[in-house]
Amino acid sequence: MKLSVFSAKSYDRSYLDQVLTTRFPNLCTIEYHAFALSDETVPLAQASDAVCVFVNDTLDASVLHALHKGGVRAILLRCAGFNHVDLSTAEKLGLFVANVPAYSPEAVAEFAVTLVQTLNRKTHRAYNRVREGNFNIEGLLGTTLYGKTVGIVGVGRIGLAAARIFHGFGCRLIAYDPFAGPEFGQYGTLVELDTLLQESHIVSLHCPLTGGTKHLINESTLARMKPGAMLVNTSRGGLIDSAAVIDALKTRQLGGLALDVYEAEGELFYNDHSGEIIDDDVLMRLMTFPNVLVCGHQGFFTSEALTEIAGVTLSNLSDFAGGKSCANTLVTEGHVLVRRDTAPVRL
Ligand code: NAI
């Protein structure tokens, strides 16, 4: 069996090769491609039985048809999010699609809290000052998290892990999640989205990007937030209308913005553009604000998570190859994702 891995970085190779050798020695041969899967690069998957992709690869109907025509029968997402896959086309073509639903929810949750505290206590600015011998702390004023209200949008695996950490800081926790289970009750109270927006000093996004959640944060929801509140997005960029957020930052309605994801990140993230002129005026404008912090989708990036991603990805392929049922397959019914381990998600 041949597996083509797209968007492969050195760390993907090293973790996948290690797991292949130690746990699945006879499963497949792997061909790595540094570039993303797209209409242009899909011919490289010819003669492969499976492809393995990450968050910014293209898996729309046209790419899926081309993959299928070339003989590919399985698509392995080495990520949790699946908003970039046309699942209904995949299903029509009979393609096996599986993700890695939970490689390290704590890694992403810890990163969300890291972003909040970096932005709040301005350690990124302090680091630069001190390196130049400037020990003046003016301009570095933050707020104490203890006693503040944190609103979590989406209390699945990552949202719950974030709730646990914020709870440890002594924050008051509220959450909005139309499909929430009982677990969040140990940290706080479930509320309607409007209440969350009105009461939260910090809003942290942890719901998936679907048709229903696209631009969940927009001009109208931003206007309903507590003035001066901080917004953190480690989920998917499309949850936020970036242009509306720029306006809210300019009017000071929004007091801070921490992003690990960005709606047009596919063009930029995971590659070095430092020697180029970047054409994305929205992102460039965002990065001029002193109260905005942008990272390049690294919330998942811990050695524990990479080990888990490689292990589950190859285990999914092994299930496919052996004709076994796989707990991580993504199957839709109408416009609803159904899977044994999660609540239904409306796409
Ligand atoms: P999950 O499936 O465990 O939890 C998602 C939660 O969102 C569920 O409880 C669901 O009921 C809820 N939800 C669905 N629709 C909602 C809505 N309209 N409003 C509020 N809540 C809603 O997923 P998990 O593992 O917690 O991941 C969350 C997201 O984090 C993923 O969809 C992915 O996009 C993102 N992610 C980001 C990473 C990074 O490196 N920055 C790494 C891994 C995931």
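Reader: Which residue follows helix 6, and what is the sign of its phi?
Author: This is a predicted model, where local features need pLDDT of at least 70, side-chain atom pairs count only at pLDDT 80 or more, and totals for chains, interfaces and linings use all residues. Residues are numbered from 1 along each chain as its sequence is written, and side-chain values use heavy atoms, with hydrogens and water left out. Helices (DSSP runs of H or I, at least four residues) and strands (E, at least two) are numbered from the N terminus. After helix 6 comes G170, with phi near 90 degrees, so by definition of sign positive.Reader: What does helix 6 reach from its first C-alpha to its last?
Author: Helix 6 covers residues 157-168, with 12 residues. The expected span is 1.5 Å times one less than the number of residues. That gives 16 Å, and the helix comes close to it, at 17 Å.

Reader: Which elements are included in what covers the buried residues of helix 6?
Author: Buried means under 20% relative accessible area, with exposed over 50% and partly exposed in between (1.4 Å probe, protein chains only). In helix 6, G159, L160, A161, A162, A163 and F166 are buried. Their cover includes helix 4 (105-121), strand 6 (149-153) and strand 7 (172-176).

Reader: How much area do domain 1 and domain 2 bury between them?
Author: Domain bounds come from an automatic or database domain assignment: domain 1 is 2-103 + 302-339 and domain 2 is 105-294. Buried area is the accessible area (1.4 Å probe) that two parts lose on being put together, summed over both. Carbon and sulfur atoms hold 55% of a total of about 950 Å².

Reader: Which three residues supply 45% of the area that domain 1 buries against domain 2?
Author: No other three residues supply more. They are K9, N56 and N83.

Reader: How many salt bridges does the rule find across this interface?
Author: The rule asks for a side-chain nitrogen of Lys or Arg within 4 Å of a carboxyl oxygen of Asp or Glu. Between domain 1 and domain 2 the count is zero.

Notes: Contact means heavy atoms within 4.5 Å.
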